[in-house]
Structure formats: structure tokens, C-alpha cells
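Hello,

Here is the structure we talked about handing over. Please open it alongside this message; my notes follow below.

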Amino acid sequence: MAETAENTTGNPAASEGVPSNDAPLSAADAPKPDDDTPAPATVPSSPTQAAPTPAPERSESQPLTFTARIHDRYTIDGEKPLPQFDSPCAKAYEATDSELPGVKLFALMCQPGMPIRVGSIRKLRSSRFKGVIPIHDWGYVYWEPYDKAVAAVICEQPLGGSLIGAISTGVTRVGEYDVVKRVVLPAMEGIVSLMEAGLIHRSIRPDNMFFMDETRDEIVLGECVTTPPGFDQPVMYEPIERSMAPPSGRGDGTLADDMYALGIAIVIILLGYNPLRRLSSLDIIAAKVESGTYGAVCGKARLPMGVIELLRGLMSDDEKTRWNPDQVDAWANGRKQTPMQRQGQKKATSPYTFDKQGHLSPRTLAYAFAAKYEEAFKTLKADDNFEGWLRRSLGDEEMADIYKALMDHSNYNPGSANAKPDVVISRICMLLDPIGPIRYRGYALMPDALGSALAVETMVNQNAKAIVDIITQEIYDFWFKAQPKITSNHLNWQRTFVRCRGHLKSRDMGYGIERCLYELNDFIPCQSELVIEENVTDCTDLLLAMDRVSNKVETGTRPIDRHIAAYITTRFVGDVHLHLRAIASPMIERSAIGVLSLFAFVQHKSSTGPLLGLTSWVGGQVGPAINTYHSRTTRRELEREIPQVVRKGSLRDLFELIESAEKRRDDSTGFAEAQAEFAEAEAEIVDIIGGDDGKISKVMRTAQKVTAMSSILVSMAMVTMLFMLNVF
């Protein structure tokens, strides 16, 4: 592969190079995360892999003059940056504890929107873990450089500084005779203590190791919580499969991934430089695939004989044969072992050229195809030799047959969903590299990365379309079918994808991509635009936050959206599906009552105190529900009583006022009686007037009766008058 010093875009961290093979390792030259998009260095990154928001630049001429406080205890001083403790996506500043003023602390100010590992933070702050930098607390605070609230993690300062800093200044040296005692065993202690707590570090590298004591005897692993697992790692420190995905798609990983990263870190520390610093991501992966990780990293390096056995064990590309902590401990205690090295990957006898680069391995070819899927599709459509390359040069008849079937289907069924270029190349990539990540439209993710990938692409890059397509179009199904062996982990991951697909099929509130986001990420704040600045972390906080923002929203703003509905659905302990069904109703009055009933239910179950602002907000939008009462008197009574209930701040009382069973029953009864009275009166009128056909005849008969009666009365009057005249 051609050598290049370029790095693709997508990660704010620096590249993993140093000036020369002979130069000592310095703090500036320390290996840092390069850009790990699935594209090679010469390939532009896709829109889904945009670089995260950069951390604030430091300026000596314009010192920062702001502070922040966490829980009225920890003070973060913006005037005192500590760059030696920076993480790739978090800047460090001096912090103090009002209760323990003698303890030196620093705060890591995380990148806005970046999903952090809150679950790990909560475990790490609960007790002191051996071999890991202590975390004292965390919280969200307003941070002036970003003009918004960000997560801040309070850590204890390593009094001896960073390992890289000590080596670069010549204060300390780690050689073949003390690397095991000073680095390997302390790092293993940290890995094991995390493992016992159910945690994986996933950020082990030389620039993230520190001396906790001033005498520089105690080395600990640095923080691992300011980004998702593996996000900050350079390609070199990730096993082949995970290194083929961008930072957001690498996944939670396992203990074996930490062991692998430790092996790479030991090599860098012993050599004092990065032997692969000039290679692009694609070239690093190709070198590992073709020569194995140990061969690629250590092949031309002069390493002490005493640690070669350890390095071979830690850098085994087969996770099953990679050394675990017990094997490392046995080796450190003098019990020799023979690391089982993975057999080299299948190689072709002649390279297949794509994008001006030759590929002997189908795995590196899959990586290159995925980066330029449209060009790859055009190339394969026009190239009849690829099938022959699979059969003759690679010697894989089964792979060639499957490839031929895929292309035949594409040629003969151009209108089929599975015949689209992006789908075809996705399937071909997973055929060429079945244990690599799920690849689609320039994006890639390991199955256990679905949650973190969705969070990063939604909250940071704001483009999760590729992930949504992977789920809705069942691209993931091709990956599971391609696996040589199905494990329990595979089944669990597959169930997760299927469940998410079900959520995405529904357009109702409480489902969709929002439901997937919160269901797969336990601790991320609610992303609703109504409360996003409040950094809501549970349902009680949600109602309180909505109460706080109620006086800021525009009149008529609906107090619920898809994020709020999904957040309540996943975080609230209780069945809210009936409420969601009412909210989804096309009838505005039923939907309004659904919103009120949902918030009332949550407030009641959460034992939240009075919420005057939220109650007023919701109460201002129940007009359509009030109008469903037939009685004008009842409607007027409700309108008079609502302000009194709102002043109590009880959504439940408001709901019971509007949806009172007694009021509804009386209204229905009264309406039924009114209807009956109206019907009776109408019947009488009809009976009197009759129908149209008999109307004239009935009037004539009535007139005749009146005329006859009048004639009789006139006759009687005349007779009476004559009688009177005769008498007088």
C-alpha cells in the first residue's frame, strides 16, 4: 500500500504520527486518535461522518475569565486550563472541592451533544478503582465557550502528571526491565478492576496513562467516560474488525479489546515512536490483515526478547486466542506460554485493483468498496473479471457463486429493492468480509454499536439516515446471515435490530427513531427542543424542566413532541400506551385530553410537587375538550374553575375537573333528556301540522268546522234577538 501521512475527517483528535523512527516519544508526538471514517485517506468522508464540534481554542493573550459550579460543591476555574489532562473530545480545567480543599482535582468539559458514559461514571465515582484515575462527581453546567450547558466530569489530578509527559521530558524512562512492573501490571490491575464492575475501558493508549503519585511509581489508566466506547481510539489501537468502522460505530467492545489496545500501547512505550505513523487508515488495516497485527506493528521493530511472547499473546487477531488477564498474570509469574497466532487471512494470488490501489485481501477490498459504493457498483457492473478473480485468484468458489447470484438479481430485477446499488454493494462487502462491520452507503457499524452510533449521528452529526436505512431496509439481516457461527450475542443483537425496526414502522408519538434512541441509550438527556437546554436525565426532571420553560414558550406551543413522548415511554416506570393512543387521535379534543392525562399520570406516580407553570401551559390547551360538553352551563362552570385548579399546580386535579365521570354522566343524562323533550315537542308539532301532502285537506276540514260552528252561533243569536223583540 502507498504510504501517506494524511488522515480522513471525522474525529477532532490528532493523527497518530511522530516525526521520525529515531525520535523519542514526546507529549506532542503521543499517539492520538486519527480520523477513523471507513474511507481510505484519499476518499472524502460521507455526510454522516462530519467532524464533531471542536473544543474551544486556548489563548494565552486572552485568558478565560469564567467559572462554573457543580452541586454547589465543585468549582471549575476557566482561567486555569490543564492541557496535560485533556482528552480528545474534552478540555481539562482546574477544579476545587469546597468540602475537601486539599485534594487536587480537574474537570473535563465534554463536547456539547456528545453522549457520555453516564452509567460508567456512576459506578466509577461510587468507589476508588485500582489502576484507574478516580472520578469524584459529574454534572451539567453552563460553559461560556459553548454558550450552553455541557457535561463536566470531576477527576482527581495525577500528581506525577502523564506518562507521556514524564518520558518526553526525560524525568522517567520505561525500558524492557521495568515495563512489566511499571506499566503492564498496573494497567492489568485497572482492566481487571473495571471488568469486575462490569465495565470495559476502551480508551487504553500511552497518552491516557498517568502517575497518581509525585514519585511516579503508581500508573493508572486515564478517563474513559467523555465519549462512547472506542470513540477516541486511533485505528491502530482497535482490533481489525472494529477499526473498519468510524468512531461512532465501533461498539461497546469486550475485555479482549482492552487487552489488544494494551499490547499496542506497550509497543509504543518501548519503541518511543509509532511504527505505523505514516500509514493511512486503509494501509494500517491492510497491513494488519495481510501480516497479522503483531507482524504489522512489530515486524520491523527492535523489541526486547523478554516481552515478545506477551505482545504476541495480547495482539492476537483471533479474539478467542488473545490473552486474558489470567494468562498475563501467569506469564508475569514465570509460567511460559505459547501464544496461538491466527493464521493469515486468505489472500489472492494476484491483486484486484480498485480506486488505483491493489488488494490481495477481500477484507481490505470490502473496506474500499464501502467507502465509494457508487463507484464500486459501476466498476463491478462493467467488470466481468471480478467473479473470475474470486474463483481463480482468491480460490473461493462459494463466494463467487453468491456474488454471481447477487449481480444476476441486480441485472434481471432492476426495480427490486435488493437491486439498488447501495444495497448490492452492502451485501457484497459483507460477503467479502463477514466478520467486519455492517456497511451501508458509506457508513459502517459493529452490531453492538447501534446505540452509541445512533446517539452520535443524531446528537452530534445530526444525520442518522444511514443507520435508519440499515434498520428499516433490514440491511443488518445480511450481516447475521453471513456469520460463520451464530452466538448468543448475535441473537441478542439481532433482536435489538428487529425491535428497533418495529419502532421505526410506527409514526405515532412514543415510537420512531426517538424511541430507538432512548431505548438503546439509558442515560442520554431528552433531546426535545423544548427542554434540550435543561439536560433532563429522568422523568421527574422532565416535568420540572417543562415547568421552568413554560413561561418562555410561545402561546399555542404544544407541550409535547416526539422526543418527550418517547422519553417518557422509555424512562417512566408505568404503562403509558393508552395515553399515547389518545394523543395520536386525529380528534383534537381527544388528543388534548391524552396530553393532559399523560402528564397527570407521570406527575402522580413520580410524586412531583406542584407544577404551576406546566399545569397552566397544559390547561391553556384543553379548550377543545371542554367544548365536548353539551351543556353551556357546564362549559362556563369549567372555564371559571380552571384558574383555581391551575393555581394548585396539580395536573391530576385538572384532569379530574375536565374529565369528571360525574360531570360526564350528568351531561350525557341531561343531553339525553333534552333530546327526548325536543323529540316529543317536535312530534306534537308534526301531529298538529301534519305532513305536506295532508296539510291542505286538514286545513280545509278545520275551516269547515269553524264555519259551521260560526253559522250555528249566528243563527242562535238571531233567534234570540227575534224572541226578545216579540216579548217586548
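**The three-stranded sheet**

Phe211 stands opposite Ile219 in β9. Please keep in mind that this is a predicted model. The pair belongs to the antiparallel match between strand β8 (residues 209–211) and β9, which runs over three bridges. Both strands sit in an open sheet of three, ordered β7-β8-β9, with antiparallel pairing. Its edge strands are β7 (161–162) and β9 (219–221), and each of them pairs on one side only. Helix α3 (residues 179–196) lies across β8 and β9. Its angle to β9 is about 40 degrees.

**The chain overall**

The chain has 728 residues, and 53% of them count as buried. It holds 28 helices and 13 strands. Take the contacts with a separation of 6 or more: residues 24 or more positions apart account for 68% of these. The exposed area is about 33,800 Å², with 52% of it supplied by carbon and sulfur atoms.

**The six-stranded sheet**

A second heading, a second sheet. This one is open, has six strands and pairs them antiparallel, in the order β1-β2-β3-β4-β6-β5. Which strands stand at the edges? They are β1 (67–70) and β5 (135–143). Each has a single partner strand, so one side of each is left without a neighbour in the sheet. On average, neighbouring strands here are turned by 35 degrees against each other, direction ignored.

Some pairings, going along the sheet:

- Strand β2 (residues 74–81) and strand β3 (residues 90–97) are antiparallel, with four bridges. Tyr74 has Asp97 in β3 as its bridge partner.
- β3 also pairs with strand β4 (residues 105–110), antiparallel and over six bridges. There, Ala90 stands opposite Cys110 in β4.
- β5 and strand β6 (residues 148–156) are antiparallel over eight bridges. Trp143 has Lys148 in β6 as its bridge partner.

Helix α1 (residues 118–126) packs on this sheet and touches β5 and β6. The direction of α1 makes about 135 degrees with that of β5.

For viewing the strands, one general point helps: in a regular strand the side chains alternate between the two faces of the sheet.

**A helix pair**

Next, α19 and α22. The axes of helix α19 (residues 539–549) and helix α22 (residues 588–606) come within 10 Å. They cross at roughly 120 degrees. The two helices are therefore oblique to each other, since the roughly perpendicular range ends at 115 degrees and roughly antiparallel means over 145. The crossing of α19 past α22 is left-handed. On the α19 side, Cys539, Thr540, Leu543 and Met546 make the contact. On the α22 side, Phe599, Val602, Gln603 and Ser606 do. A reminder on spacing: an α-helix has 3.6 residues a turn, so residues three or four places apart point the same way.

**An enclosed helix**

Is helix α16 (residues 475–482) largely enclosed or largely open? Six of its eight residues are buried, so α16 is largely enclosed by the rest of the structure. Those buried residues are Ile475, Tyr476, Asp477, Phe478, Trp479 and Phe480. What do they pack against? Their neighbours are α13 (421–432), β12 (438–440), α15 (465–472) and α17 (488–505).

Best wishes

Definitions and conventions: Residues are numbered from 1 along each chain as its sequence is written. This is a predicted model: local features need pLDDT of at least 70, side-chain atom pairs count only at pLDDT 80 or more; totals for chains, interfaces and linings use all residues. Side-chain values use heavy atoms; hydrogens and water are left out. Two strands pair if DSSP finds at least two bridges between them. Axes are lines fitted to C-alpha atoms, for helices over the stretch in contact, and angles run from 0 to 180 degrees between N-to-C directions. Contact means heavy atoms within 4.5 Å. Buried means under 20% relative accessible area, exposed over 50%, partly exposed in between (1.4 Å probe, protein chains only). Accessible areas come from the Shrake-Rupley method with a 1.4 Å probe; for residues, only the protein chains shown count as cover. Angles under 35 degrees count as roughly parallel, over 145 as roughly antiparallel, 65 to 115 as roughly perpendicular and the rest as oblique. A crossing is left-handed if the near helix is turned anticlockwise from the far one by less than a right angle, and right-handed if clockwise.
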